[in-house]
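Trainee: Please choose one residue in the interior of this model and look closely at its surroundings, then work outward to the elements that frame it. I would also like to hear how far the prediction can be trusted.

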Amino acid sequence: MRTPRVIVRSGLTVAAAAALPLAFAGAAAAAPGISVSTSGTTVAVTTSACSEINGSWGTASLLNNRQNTFAEGRQVALSGSATSQSAAWSSVTPGTYTVIVRCSDNSTAGTQSVIVSGATPTATASPTTTSTATPTMSATASPSRGVMGGLGGAVKDHTTLTLVAGGGLVAAGVGGAAWYLRRRAKPHRF
């Protein structure tokens with residue numbers, strides 16, 4: 001008598017788990033998002049999500065850790081073409097920032113955090129160089145994307161492959177649980 005309930009519950013759980021990766025894959029494919037990079041004290045953002053309305057592509061805003069809304073950040077107008085729009089901020093002090101891109105139709109293209117280290121490439125010459133020697137270049141690389149503190153060190157970069165793989169693991173776990181419950185529900189015969 002108990003077996004049909006367990007099978008029905010397991011079937012519903014498996015059906016829900018099978019639909020989960022499809023829902024995330026569609027959402028990941030629908031939103032192109034933004035790409036944020038740093039170079040020294042310059043932060044740049046690129047997107048392809050915005051369309052031009054009345055000569056404007058939209059606006060990007062750079063928020064520090066004390067700012068909460070788009071309007072509070074340093075705003076820069078997007079420039080570019082139908083395939084790629086970009087904005088940049090220079091002389092950014094070291095710290096953690098959030099970049100938000102809002103298209104001209106008032107939709108948000110994406111949000112991403114970034115860490116600015118403030119290290120800039122510098123050219124230094126050796127003190128014993130002659131006029132024919134070339135100066136030595138030493139550069140300090142800065143991270144292209146910041147690590148999201150407080151989220152286990154995760155970076156907001158969930159591709160379709162990541163979401164499908166995670167959905168597959170969830171489906172495998174649900175399948176294993178359904179198998180276990182089904183085996184447990186059978187009467188033991190000696």
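**The surroundings of V43**

Mentor: In this predicted model, V43 touches V36, S37, T38, L62, A87, A88, W89, V92, V99, V114 and V116, once residues up to four places away in sequence are set aside. One of these neighbours, W89, is also the bridge partner of V43 in β6, and the strands concerned, β2 and β6, run antiparallel and are joined by 5 bridges. That pairing belongs to an open, antiparallel sheet of 4 strands in the order β1-β2-β6-β5. At its edges stand β1 and β5 (79-80), each with a single partner strand, so one side of each is left without a neighbour in the sheet.

Two further contacts of V43, L62 and V99, lead into another sheet, for L62 has V99 as its bridge partner in β7. Strand β3 (residues 58-63) pairs with strand β7 (residues 95-103) in the antiparallel sense, over 6 bridges. The order of this open sheet of 4 strands is β4-β3-β7-β8, again with antiparallel pairing; β4 (74-77) and β8 (108-116) are its edge strands, each pairing on one side only, and from one strand to the next the twist averages 20 degrees.

The side chains can then be considered as a group. V43 is named, together with V45, W89, V99 and V101, among the residues with the most contacts inside the largest nonpolar core, which has 19 residues. At least two residues of this core come from each of β1 (34-39), β2, β3, β6 (85-89), β7 and β8, and the largest share, 4 residues, is supplied by β7.

Strand β7 also takes part in a covalent link. C50 and C103 form a disulfide with their sulfur atoms 2.0 Å apart, and the count for the model comes to 1 disulfide. Because C50 lies in the loop between β2 (42-47) and β3 while C103 lies in strand β7, the pair ties together parts that are 53 residues apart in sequence. The torsion about the S-S bond is about -75 degrees, so this disulfide is left-handed. With buried taken as under 20% relative accessible area, C50 qualifies because its relative accessibility is 4%, and C103 qualifies because its value is 6%.

Set against the whole protein, these surroundings belong to a chain of 190 residues, of which buried residues make up 23%. The protein has 2 helices and 10 strands, and from the N terminus on the elements run α-β-β-β-β-β-β-β-β-β-β-α. Among contacts between residues at least 6 apart in sequence, 55% join residues at least 24 apart.

As for trust, the average pLDDT is 73, and 61% of the residues score at least 70. Confidence is highest in β3, at a mean of 93, and lowest in strand β10 (residues 136-138), at 41. Residues 22-31 have pLDDT below 50, and this stretch has 6 contacts in the model beyond near neighbours in sequence. Over residues 121-145 the pLDDT likewise stays under 50, with 27 contacts beyond four places in sequence. Where pLDDT is low, the predicted coordinates should not be read in detail.

Terms used:
Residues are numbered from 1 along each chain as its sequence is written. This is a predicted model: local features need pLDDT of at least 70, side-chain atom pairs count only at pLDDT 80 or more; totals for chains, interfaces and linings use all residues. Side-chain values use heavy atoms; hydrogens and water are left out. Two strands pair if DSSP finds at least two bridges between them. Axes are lines fitted to C-alpha atoms, for helices over the stretch in contact, and angles run from 0 to 180 degrees between N-to-C directions. A disulfide is a pair of cysteine sulfur atoms within 2.5 Å. Buried means under 20% relative accessible area, exposed over 50%, partly exposed in between (1.4 Å probe, protein chains only). A nonpolar core is a set of buried Ala, Val, Leu, Ile, Met, Phe, Trp, Tyr and Cys residues joined through side-chain atoms within 4.5 Å. Contact means heavy atoms within 4.5 Å. pLDDT is the predictor's confidence in each residue, from 0 to 100.
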